[in-house]
Amino acid sequence: MTVRRLAAATLTVVAVAGAATLPASAADRTDREAAVRIADVQHGFVGDGFRSNRSLNSEWVEVTNGARRAVNLSGWTLSDRDGHTYTFHHYRLDGRSVVRVHTGMGRDTSHDLYQDRRTSVWGDRSDTAALRDEHGRLVDTLSWGARHPGNRDSGR
């Protein structure tokens, strides 16, 4: 009888501890993800040379992390309304930091990432930039143009 009671008590303690820690870790993850958002978009390219790499790199999306702690963006995606998608690979966005994701080609750094595309992605007249986490959940969107004047949506 003592062994049964001890086993039951152990299982109860493990179940209660597991239930208590699950919401805390889920809340922590949500808090960190909630701090990540699309801060700004420079759509349309600037400069001379239609479709030049320099022009394409003048087109970018800024993603910011307002939290103090870094967030692992590996597997997260940034996409436009037409389905052009950039996937973050092996990238951590430091706390209180910004990264620009440029359309053209370049060498990735901690503050600038490159999609390595040869054509423009972001619509000049109207479009929507959508940021999704590694599970495909919408984290944030930013829309512009005649269809979406000043529209900001959030998956939070």
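This report describes the fold, strand pairing, nonpolar core and selected residues of a predicted model.

**Overall fold**

The chain holds 2 helices and 11 strands. Along the sequence these elements follow the order α-β-α-β-β-β-β-β-β-β-β-β-β. Of the chain's 156 residues, 35% count as buried. The accessible surface is about 9,500 Å², and carbon and sulfur atoms account for 53% of that area. When contacts between residues at least 6 apart in sequence are considered, 50% of them join residues at least 24 apart.

**Strand pairing**

The table lists three antiparallel pairings, each with one pair of facing residues.

| Strands | Bridges | Facing residues |
|---|---|---|
| Strand 1 and strand 2 | 6 bridges | Q42 and W60 |
| Strand 2 and strand 7 | 6 bridges | T64 and V98 |
| Strand 9 and strand 10 | 7 bridges | A130 and T141 |

Strand 2 thus pairs with strand 1 and also with strand 7. Strand 2 is mostly covered, with 6 of its 6 residues buried. W60, E62 and T64 point one way from strand 2, whereas V61, V63 and N65 point the other way. The residues on both of these sides are buried, the polar E62, T64 and N65 being listed among them.

Strand 9 and strand 10 form a hairpin, with 5 residues between the two strands. Within that turn, G136 has a positive phi of about 85°.

**Strand 10 and two of its residues**

Strand 10 covers residues 138–145. Because 6 of its 8 residues are buried, strand 10 is largely enclosed by the rest of the structure. S143 belongs to this strand and has a relative accessibility of 6%, so S143 counts as buried; the cut-off for buried is under 20%. The side chain of S143 makes a polar contact of 2.7 Å with the side chain of T128.

T141 is also found in strand 10. Its relative accessibility is 8%, and T141 therefore counts as buried. T141 is the bridge partner of A130. The C-alpha atom of T141 is 9.6 Å from that of D80, although the two residues are 61 positions apart along the chain.

**Nonpolar core**

The largest nonpolar core contains 23 residues. Those that touch the most other members are I38, V63, L73, W76, L78, F88 and L131. At least two residues of this core come from each of strand 1 (36–42), strand 2 (60–65), strand 7 (97–102), strand 9 (126–132) and strand 10.

F88 has contacts with several of these core residues, including V63, L73, W76, L78 and L131. Leaving aside residues up to four places away in sequence, F88 also touches S74, G75, T77, V101 and L113.

**Aromatic residues**

How many aromatic pairs are there? The count comes to 3 aromatic pairs. One of them joins F88 and Y91, with ring centres 6.3 Å apart and planes at 35°, an arrangement classed as tilted. F88 and Y91 are both buried. Together with Y86, F88 and Y91 form one aromatic cluster. F88 therefore appears in two settings: it is listed among the core residues that touch the most other members, and it belongs to the aromatic cluster, while its buried state rests on the cut-off of under 20% relative accessible area.

Notes: Residues are numbered from 1 along each chain as its sequence is written. This is a predicted model: local features need pLDDT of at least 70, side-chain atom pairs count only at pLDDT 80 or more; totals for chains, interfaces and linings use all residues. Side-chain values use heavy atoms; hydrogens and water are left out. Helices (H or I, at least four residues) and strands (E, at least two) are DSSP runs, numbered from the N terminus. Buried means under 20% relative accessible area, exposed over 50%, partly exposed in between (1.4 Å probe, protein chains only). A polar contact is a pair of N or O atoms within 3.5 Å; within protein, one must be able to donate a hydrogen and the other to accept it, and residues adjacent in sequence count only if both atoms are side-chain atoms. A nonpolar core is a set of buried Ala, Val, Leu, Ile, Met, Phe, Trp, Tyr and Cys residues joined through side-chain atoms within 4.5 Å. Contact means heavy atoms within 4.5 Å. Accessible areas come from the Shrake-Rupley method with a 1.4 Å probe; for residues, only the protein chains shown count as cover. Two strands pair if DSSP finds at least two bridges between them. Rings of Phe, Tyr and Trp (its six-membered ring) pair if their centres lie within 6.5 Å; planes under 30 degrees apart count as stacked, over 60 as edge-to-face and the rest as tilted.
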